[in-house]
Amino acid sequence: MDNDVAAGNTTSMLGQLALGLTLLAFGLGGTGVIDNVAASDAAALATWVGGVALFLAGLLALHAGNGGTGTAYAALGAFWFTWGTGVGGGASAEATGLFLLLWALLALTLTLAASGSGLFGQGVYGLLFVALLLLGIGALAGNGGLAKAGGWVAAVAGLAAWYGATAAVAHWPMSLGRARRGAPAAG
């Protein structure tokens, strides 16, 4: 997330909400914490909210001249649309792992590009990178434990993205552990 969300940019808030809800559903499904719910059950949400809505938010941001946010949301929209429409298509574990690792590279790029944007900017993309890395390696290695860990990391990333957008809408605090100007630091 970038500083536009903190400033209340509606395109950024829409994009962060779409990303947050999609990551949260995808991540919780991957953890196995809810009986009979798997990551693949988030396919419709991933296709339409994470894919189409996020891609459109990216196009709107690009049109408004915000290249960083536009690129991030359009690329993530393409990822979620591709994942949502392809899940359950019978791809091999190796193909799935490679797909996730390639998209982890995008998340790494977004993480590096968001340097200086704080916890709700760089943090969301960093967590997405770790989640996709764990999920990709887990798929390649046939390791369900890594996949479950990746699901938890994705869920935390989703909560962070959701909170960042909700905080912007509700005017909640966007930084953690910092004292207000003029107020004594908690010690």
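**Close-up 1. Thr47, a buried spot in helix 3.** At 6% relative accessibility, Thr47 counts as buried, because buried means under 20%. This is a predicted model, so keep that in mind for every view here. Thr47 sits in helix 3. What does the side chain of Thr47 reach with a polar atom? That polar atom lies 2.8 Å from the backbone oxygen of Ala43. Looking past the neighbours within four places in sequence, you'll find Thr47 in contact with Val52, Trp80, Phe81, Gly84 and Thr85.

**Close-up 2. The whole chain, for orientation.** How many helices and strands does the protein chain have? The count is seven helices and zero strands. Written out along the sequence, the pattern is α-α-α-α-α-α-α. The protein chain has 187 residues, and buried ones make up 41% of them. About 9,200 Å² of the chain is exposed, with carbon and sulfur atoms supplying 67% of that area. Now take the contacts between residues at least 6 apart in sequence: 69% of them join residues at least 24 apart.

**Close-up 3. The largest nonpolar core.** This core has 34 residues. Which of them touch the most other members? They are Leu19, Leu76, Trp80, Trp83 and Tyr125. Several elements give two or more residues to the core: helix 2 (10–31), helix 3 (43–63), helix 4 (67–86), helix 5, helix 6 (122–141) and helix 7 (144–170). Helix 4 supplies the largest share, seven residues.

**Close-up 4. Leu76 and the residues it touches.** Leu76 is one of the core residues that touch the most other members. If you skip residues up to four places away in sequence, Leu76 touches Leu19, Gly50, Leu54, Leu106, Leu110, Tyr125 and Leu128. Two of the names here, Leu19 and Tyr125, also appear with Leu76 among the core residues touching the most other members.

**Close-up 5. A row of leucines on the surface.** Now for a nonpolar patch on the outside: Leu98, Leu102, Leu105, Leu108 and Leu112 form it on the surface. Together, these leucines have about 480 Å² of accessible area. Leu112 is a handy one to pick out, and you can find it in helix 5 (residues 93–113). Is Leu112 buried or exposed? Leu112 counts as exposed because its relative accessibility is 58%, and exposed means over 50%.

**Close-up 6. Gly121, tucked into a loop.** Follow the chain from helix 5 towards helix 6 and you'll come to Gly121 in the loop between them. Gly121 has a relative accessible area of 0%, so it counts as buried. Which residue, 40 places away along the chain, is paired with Gly121 in this view? That partner is Ala161, and the C-alpha atoms of Gly121 and Ala161 are separated by 8.3 Å.

**Close-up 7. Two residues with a positive phi.** Here are Asn36 and His171, shown side by side. Asn36 isn't a glycine, yet its phi is positive, at about 60°. Where is Asn36? Asn36 lies in the loop between helix 2 and helix 3. With 79% relative accessibility, Asn36 counts as exposed. His171 is a residue other than glycine too, and its phi is positive, near 60°. You'll find His171 in the segment after helix 7. The relative accessible area of His171 is 72%, so this residue is exposed.

**Close-up 8. Leu146 and Ala149 in helix 7.** Both Leu146 and Ala149 are found in helix 7. Leu146 has a relative accessible area of 25%, which makes it partly exposed. How far apart are Leu146 and Gly136, C-alpha to C-alpha? They are 8.8 Å apart in space and 10 residues apart in sequence. Set aside the neighbours within four places in sequence, and Leu146 is in contact with Leu134, Ile137 and Gly138. Ala149 is partly exposed as well, with a relative accessible area of 30%. Gly138 turns up again in the spacing for Ala149: the two are 11 residues apart in sequence, and their C-alpha atoms are 9.2 Å apart.

Key: Residues numbered from 1 in each chain as written. Predicted model: local features only at pLDDT ≥ 70, side-chain atom pairs only at ≥ 80, totals over all residues. Heavy atoms only, no water. Patch = residues over 30% accessible without salt bridge, like charges linked within 9 Å, V, L, I, M, F, W, Y side chains within 5 Å. Areas by Shrake-Rupley, 256 points an atom, 1.4 Å probe, with all protein chains shown as cover. Salt bridge = Lys/Arg side-chain N within 4 Å of Asp/Glu carboxyl O. Helix = DSSP H or I, 4+ residues; strand = E, 2+ residues; numbered from the N terminus. Buried < 20%, exposed > 50% of the residue type's maximum accessible area, 1.4 Å probe, protein only. Core = buried A, V, L, I, M, F, W, Y, C linked by side-chain atoms within 4.5 Å. Contact = heavy atoms within 4.5 Å. Polar contact = N/O pair within 3.5 Å; in protein donor to acceptor, adjacent residues only side chain to side chain.
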